[in-house]
Amino acid sequence: MAQRSQVIVLATALILGVARAQNGTGSLTDLASYMTHINATRNDSSPVVLNIDTKDTSKRNATAPYLYGMMHEDISHSGDGGIYAELLANRAFQGSNWNTTNLPDYNGSVIGVSENTIEPVAPVLTAWNTIGNGTRILLDRFHPISSAVPTGIEIDFPEDATGEHGFQNYGWWGMNVEPQQYNVSFYVQGNYPRNQANLTSFTVSLRSNLTGEVFASSTIANVSVPFIDSVQLFTTLHPNRTAPNSNNTFVVSFDGEAIRGQTYYFSLFSLMPETFMGTPNGLRKDIAEAFYDMKPSFLRFPGGNNLEGFSPQTRWKWNETLGPLIDRPGRPGNWGYYTTQGLGLMEYLMWSEDMGVERVLAVYSGFSLDIWGVSGPSYPLDRMPEVLQEALDEIEFCMGNITSKWGSVRASLGHPEPFDIKFVEIGNEDWFSSTYPYRWKFMYEGLKAAYPNITYISTAYNEASASYGYNITIPPGVLWDTHHYEEPSFFVRGFNFYDNWQETTNQPGAQVFLGEFSAIQIDTPSHAVNFSFPEDKHIYYPRLVSALAEGVYLLGLERNPNVCKLASYAPSLQDFNWYNWTPDMIGFDADPSHTVRSASYWQQWLFAHYRGTQSLPITNSEGDYNPLFWGATLDEGKNCVYLKIINILGDSVPLTVNIPQPYKAVNGTILTAADLNSYNYIYNQTEVVPKPLSIPASASTPASYGGAAKFQWDVPRFSLTVLQFDL
């Protein structure tokens, strides 16, 4: 099984903030990791005849209603700088970037390059710069706005200042400017000896970093800036046109003559555009809309390795992510950069509410990773009550009534109605530890006693049998979260893996959550995944081959709905300017027009849109699985049959479909491309996208659809198709 945590050492050792990715230029055949075919493909283009039984209801099963969903953790700036809509980078000077590396004569990995060369993860001035000759900027810890946000900046203006002076922020590798409302806020305090009782006017604006053109401006005039405490100022910006690119800045400026010789202390800036569903402190619209369009059924959060921290002290502490931003300290995340935790527990809950999806809440289980590598400290058994109580409090915050301790806190934050939690995951990838057996037992029994109706998820089953000599027995009704970063052939060969899985593993009633998966490298003779991402093997962006192979594996999940309940691609998001891991389902930068929905995204989109409510028995009277794979479901609401067909062969395959009852019409949607290696990228986002299928009139006889009539069609090479038969 792939082990994503290993990349902590490898991927974050990149030059900080510099992305390495293929930009789509040149020929596909120039790819060092070009594939001509999937090795597991059976080279057989002989006809296939399928018989879908729509009559015998006793042979049907209810489909898994929550099968396709989202997984999110802050990796590759998928939170700060990503789906969290805040446009300003390093807005509160909370921390900085770093990486881990291996050095000769040292055991394991150590801190390598850091932005703050003296104290790793400590505050820096990254993303900020001054305007005007002689304007000085430096970090300030003498005027903290709160214990959670102790650092700001000091801005000193020269005594001979004239013209415009001030400072600016470059955003997360730029910022998008378009006609909409931008909400601006910041804290400021004055220096008494220099400023005395002056009234100060602050002008904020959005400008081109290339030409200086001002797209929007607002002045907060004649402010009596306090000297004892900071004051928070607010305004809005309203650009009247879209900037030609995202190389723009946020500027705070002053009339030089009015602020000569003065000093101000600033902290916790915010520039928030309009958000998904208009939710305050919410989600970036284009990225959130991409998720929403996929029709997901759940959201797994907050991780991922990012849940565990690089120490117990720096784990994701849910209660430190609540309330006003001034009370959120942020933390050094697990992927080489400091996270603001502006995207906190309440924001995740609102994300799920706005999209109408269920929640898979991951709770800390007493194990943290370490800079050393894929291991770390565990809470001993006698201290596990602390860990359990933390999880119980978190669930009470989500679900408790307003008279409970934590339910009242939720109500005070503006949401008296409880958030229902159907799934709780106990930890993340705990097979990296030797201690999960006692931690799992303690947490599961304690949580189950308090919340018996929640479905619980174990993060280990047999992954640690070789390394630590244990398996976890999955109780009936509990899910096992399994992760697969693999070659395409692994997914093809695993099509029938979950057939009779409970029986072969002797785990009656146990169920499966495919919590993270992707085709991460091309097929190799050894089948061993190389997590150092070598150019001649790695798949940087999801390709058509990724969508086909992953789709085959997911068909295997669909046909076992009694076992396979949830699935989510991971990682879900990647900023093109910074990556810790590839491939990712959706890529983006500061410009929304550059957002790329990948081939794997569109595979997920198709399967989620056409999932059906009942699985239908389907037999093959001619031909067999591979290179064609299939599955059929009935959508009771629309009274139609969905037939999913995947062809992984480089030739078309003749297909005949028999349905024993009349149907009114048949139409289809197909995902394919010119090459097995085709992928979507900036300026070519539609290379691999679903398209309406052109079905020749000769495929059926309209007057005699169903019954003895046959639907006949040649399934195109390298394609994923959904046929819809309207009954």
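These are my notebook entries on some sheets, helices and one loop residue in a predicted model.

**Ground rules**

I'm working with a predicted model, where local features need pLDDT of at least 70, side-chain atom pairs count only at pLDDT 80 or more, and totals for chains, interfaces and linings use all residues. Residues are numbered from 1 along each chain as its sequence is written, and side-chain values use heavy atoms, with hydrogens and water left out.

Helices (H or I, at least four residues) and strands (E, at least two) are DSSP runs, numbered from the N terminus. I take two strands as paired if DSSP finds at least two bridges between them.

**Entry 1: the seven-strand sheet**

I looked up the strand order first. This open sheet of seven strands runs 2-28-30-31-36-33-34, with antiparallel pairing. Its edge strands are strand 2 (61-62) and strand 34, each of which pairs on one side only.

Helix 11 (residues 544-558) packs on the sheet and touches strand 30, strand 31, strand 33 and strand 36. I count a touch or contact as heavy atoms within 4.5 Å. The direction of helix 11 makes about 130° with that of strand 31; axes are lines fitted to C-alpha atoms, for helices over the stretch in contact, and angles run from 0 to 180 degrees between N-to-C directions.

I then checked helix 12 (residues 599-609). Helix 12 lies across strand 31, strand 33, strand 34 and strand 36, and runs at about 160° to strand 33.

**Entry 2: strand 31**

How many residues of strand 31 are buried? I get eight of the eight in strand 31 (residues 640-647), so this strand is largely enclosed by the rest of the structure. Buried means under 20% relative accessible area, exposed over 50%, and partly exposed in between (1.4 Å probe, protein chains only).

In a regular strand the side chains alternate between the two faces of the sheet. I split strand 31 that way: Cys640, Tyr642, Lys644 and Ile646 are on one side, Val641, Leu643, Ile645 and Asn647 are on the other, and all are buried.

Next I went through the neighbours of strand 31. Strand 30 (residues 628-635) runs antiparallel to strand 31 and is joined to it by eight bridges, with Leu634 opposite Val641. The hairpin of these two strands has four residues between them, and there Asn639 takes a positive phi near 55°.

Strand 36 (residues 719-726) also pairs with strand 31 in the antiparallel sense, over eight bridges. In strand 36, Phe725 is the bridge partner of Val641, and Thr721 is that of Ile645.

**Entry 3: strand 15**

I ran the burial check on strand 15 (residues 263-272) too. Here 10 of the 10 residues are buried, so strand 15 is largely enclosed by the rest of the structure.

Strand 8 (residues 152-156) pairs with strand 15 in the antiparallel sense over four bridges, and Glu154 stands opposite Tyr265. Strand 10 (residues 182-190) is joined to strand 15 by seven bridges, again antiparallel, with Ser270 as the partner of Ser185.

**Entry 4: a three-strand sheet and Asn680**

This open sheet has the order 25-26-27 and mixed pairing. Strand 25 (573-575) and strand 27 (596-597) each have a single partner strand, so one side of each is left without a neighbour in the sheet. Strand 26 (residues 586-588) and strand 27 run antiparallel, joined by two bridges; Gly587 has Val596 as its partner.

Val596 led me to Asn680. Where does Asn680 sit? I find Asn680 in the loop between strand 33 (665-672) and strand 34 (690-692). Asn680 counts as buried, at 3% relative accessibility. The C-alpha atoms of Asn680 and Val596 are separated by 6.7 Å, although the two are 84 residues apart along the chain. Leaving out residues up to four places away in sequence, Asn680 touches several others, including Tyr541, Val596, Arg597, Trp602 and Gln685.

**Entry 5: helices 5, 6 and 7**

The axes of helix 6 (residues 384-399) and helix 7 (residues 405-412) come within 7 Å and cross at roughly 45°. Among the residues that meet are Asp393, Phe397 and Met399 in helix 6 and Lys405, Trp406 and Arg410 in helix 7.

For helix 5 (residues 345-355) and helix 6, the axes come within 11 Å, also crossing at roughly 45°. Leu345, Met346 and Leu349 in helix 5 meet Glu394, Phe397 and Cys398 in helix 6.
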